[in-house]
Every structure is written in C-alpha cells, then in structure tokens.
Amino acid sequence: MRKRVIALALCAGLLLLGGCGFGEETADSLASPSSESASQIKTEQEDPQVSEPESVAGTGSAEEISGIIAMTSEISGDSTFHVFSIDPNTGEQQSLLRVTYTSNVGKKTYYLPPTLTVYSASAREWVSSDLSKIAATKYISGTGEYHAGWFDASGAFYDVTEALGLQAQSDFDDPACYFAGGFTEDFFVYYANNTAYEERSYFHVPLENMTMDAVQEGDVIHDALPVLPSDSDSGYNLSDWVDETQCLADQYVKQYDRKVNSVRFNVATGEATEFIPGTSRYNWNGVLSPDGSSVAFLSSPKQGTDPPSLYLTPLSGGDPVKVDVSLSFSDRHSLNSPNFVQYPSSGGICTTLLDWR
C-alpha cells in the first residue's frame, strides 16, 4: 500500500548555472515524448567524459512486489540509487531498480537527483509508485538548460521538458530551467524558476497523459502534507500514514541535526504517542505494514558505534525484533545517530525506507 504524501525536501540554490537557480521546473506539451538511452546521450554529446547511466531492474511486476521497500543512496561525484525489497521474515533482498548517473559539474551533460540532500523519508517521492522510475534533472552545459524527467529501469532518460515543449519556452537569453520534483500515484511533479527559490512555480502532469493540455499548476506532493509541529529547536517529519488522522512521524532535534524517535502522531489533536520502548536508542523512518499492525523502522544505539539496523515492532507497542539484513551507511551515519541530512560533498551513503507492501 503506497502512501504518496510524504515530505519531499527541496534544496534551494545549490547550483547556479546558466542563470538558473537549482530547484525549479514547469510542464507543458507540444512536442512528442522524448526518451534517450545512455548510449544515445553519449553519442549525441560526443564527449567521452560523460558517464553513461546504468540500471539494473529486478524481477517481477509491480503487483508481485512485496516486503519492506528501501533505497540506498550514494551521492558524491556520480549518484547511485538502489531500490530493493526486504523480506521482513528472512531479510532476503531483491533488487528492483538501480540507477547510476554522473552528477559531476564540468561535464557537457550530467544528471541530478530531485534534491542533493537525503533525509529519512525525503526520497520516497523520487520513485514512482510502481518502482520503475526515479526522478532526475538533466543539465546541458552548452545551453545552460535544466530539463525535468526520470530514468527508467533500462537506463533511458525520459525528458518531460522536451515532451511538453518547454525547452522552447525560455524568455530572451534565459535558458529553460525545469527541475524534477517527484511522483505521486498518478502524477509527475516538476517546478520552474530562473531566478530565486521563493519564486519557483510547481506543476504536475498525469503520467498517462504527457501533454500540455493535461498540465496543471500546483505542488500536489506538498499540498497533501499534514501540518506537524516545528519550532527553532525541534519538530516532526512525516514518515508514513496510519489513517486519515494519524501518521508516523520522526521527531528531530535541530541543534544536533538528528532524528531521535519515531512516534505515532495524531494530526487532529497534536498528540504524539511513543510506541518503541526504552530510551537508549535513536529510532526513525517508520513505515507501516500492509495490514496496519506493525512498523518497520531504523534504529541505532546512542552509545557505541554500531551501524543502524532494521527492526519490526507492533504499532500498539511491544518488543522490537531485529531483521537480519545488512544496510549501507557511511561511517558518519553510523556514529550515534545518522545525521538526518546527507550532503553530497561528504560522499556519504545512507539507506531510507520507502514503503512496506
């Protein structure tokens, strides 16, 4: 059961190239849909430095996918994203989607994830609900353009900007700047802005109707988020929905830049209920089981250097059970609690839970 209303953290002004502030995109459609494979990209650019996107698709259709869905992200020079399922009983993993593409500034063509920071549950909207696509932004240095789109399991980049004819919509000398936002169940979200973060405009277009006439204005991802408490010291991030009024949320402390506990939060009353016993561990990134009875979450000890592990616990409360599976975290995420943001300059690796089916 896919819940498509989780927070999508958007980074502001991380790249300022060709007059475009990184973080905006729009949708229209006049041209026919455009897809380009990794080999086509390299041929068209005629630049041997351009890294070819790689991908590995898992077996089985979307309907057959089950288990805890996770994604390991490695953001450094080249960005690698690996989506896989975990059997909650055995810990066995099945690869579903793996995409590697260059993010190196200086290349003629390179690709960027929707944001260059990753925190618990922020990457959920990067991946389509059928787990066959991952959102990406293409940068073309020759023209200074940014194009919104996605990579599929074959490694082909589908250029939404070109499919909608937006690359020809720039004003005077300003290049076209459209950035990938992510997916809902039915829509692809992108945003546009050539100047500042505050001025970005959001749009969404049906995945089954990539035409200009079908484009609508608005950020359907952000609009579906609940209002969770936040102040200068701490706050909550949505992790998953329990029902229409209750959600799983990660409590965080800004001073230490870390998640501290996964709680059950009542949006209507503002009440937070702890369901994980003890106080000796940091717990975060809870996702609800298909039957609504259990929660899978990540946890690490407050003392020591053990890396984060995957646990299961009843939503009603009870003793957590560790899942026998190895997850990837760089060293700085393994000490005490993983920093809840990950910066690409550090070359860090982190794993986030996306869903439980």
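Buried residues account for 57% of the 357 residues in this protein, and the model we are looking at is a predicted one. In secondary-structure terms, the protein has four helices and 24 strands. Its accessible surface adds up to about 14700 Å², with 47% of that belonging to carbon and sulfur atoms. If you count contacts in the protein between residues at least 6 apart in sequence, 56% of them join residues at least 24 apart.

## Around strand β9

Let's start with β9, which covers residues 133–140. How many of its eight residues are buried? Eight of the eight, so to speak a mostly covered strand, as the 20% limit for buried is applied here.

As a general point, side chains in a regular strand alternate between the two faces of the sheet. In β9, one side carries Lys133, Ala135, Thr137 and Tyr139, and the other carries Ile134, Ala136, Lys138 and Ile140. Both of these faces are covered, with all the residues just named being buried.

Which strands pair with β9? One of them is β8 (residues 109–112), which is antiparallel to β9 and shares four bridges with it. Within that pairing, Tyr110 sits opposite Tyr139 of β9. Another is β10 (residues 145–152), also antiparallel, and here eight bridges make the connection to β9. In this second pairing, Lys133 is found opposite Asp152 of β10. β9 and β10 together make a hairpin with four residues in between, and Gly144 in the turn shows a positive phi of about 75 degrees.

The loop between β8 and β9 is worth a look too, as it holds Leu131. Leu131 is not a glycine, yet its phi is positive, at about 60 degrees. Is Leu131 buried or exposed? With a relative accessible area of 4%, Leu131 is under the 20% cut-off and therefore counts as buried.

## Salt bridges

In general, side chains of opposite charge can pair when their charged atoms come close. The count for this model comes to four salt bridges, and the table has three entries, with the N-to-O separation for each.

| Basic residue | Acidic residue | N to O distance |
|---|---|---|
| Lys133 | Asp130 | 3.7 Å |
| Lys259 | Asp250 | 3.4 Å |
| Arg357 | Asp355 | 3.1 Å |

How covered are the partners? Lys133, the β9 residue, is at 18% relative accessibility, so it is classed as buried. Asp130 is at 31%, which makes it partly exposed because that class lies between 20% and 50%. For the Lys259 and Asp250 pair, both residues are buried. Arg357 is buried because its relative accessibility is 17%, and Asp355 is buried as well, with a relative accessible area of 0%.

## The β16 to β19 sheet

Further along the chain there is an open sheet of four strands, in the order β16-β17-β18-β19, with antiparallel pairing. At its edges are β16 (234–241) and β19 (271–274), each of which pairs on one side only. On average, neighbouring strands in this sheet are turned by 45 degrees against each other, ignoring direction.

Zooming in on one edge, β16 is joined to β17 (residues 246–253) by seven bridges, and the two run antiparallel. Ser234 has Val253 in β17 as its bridge partner.

## Strands β20 and β21

Two more residues round out the picture. Asn285 belongs to strand β20 (residues 281–288). Like Leu131, Asn285 is a residue other than glycine with a positive phi, in this case near 65 degrees. What is the relative accessible area of Asn285? It is 0%, so Asn285 is buried.

Pro301 lies in strand β21 (residues 294–301). Pro301 has a relative accessibility of 11%, and that is why it counts as buried. Where does Pro301 stand relative to Asn283? The two are 18 residues apart along the chain, and their C-alpha atoms are separated by 8.8 Å.

Key: Residues are numbered from 1 along each chain as its sequence is written. This is a predicted model: local features need pLDDT of at least 70, side-chain atom pairs count only at pLDDT 80 or more; totals for chains, interfaces and linings use all residues. Side-chain values use heavy atoms; hydrogens and water are left out. Buried means under 20% relative accessible area, exposed over 50%, partly exposed in between (1.4 Å probe, protein chains only). Contact means heavy atoms within 4.5 Å. Accessible areas come from the Shrake-Rupley method with a 1.4 Å probe; for residues, only the protein chains shown count as cover. Two strands pair if DSSP finds at least two bridges between them. A salt bridge is a side-chain nitrogen of Lys or Arg within 4 Å of a carboxyl oxygen of Asp or Glu. Axes are lines fitted to C-alpha atoms, for helices over the stretch in contact, and angles run from 0 to 180 degrees between N-to-C directions.
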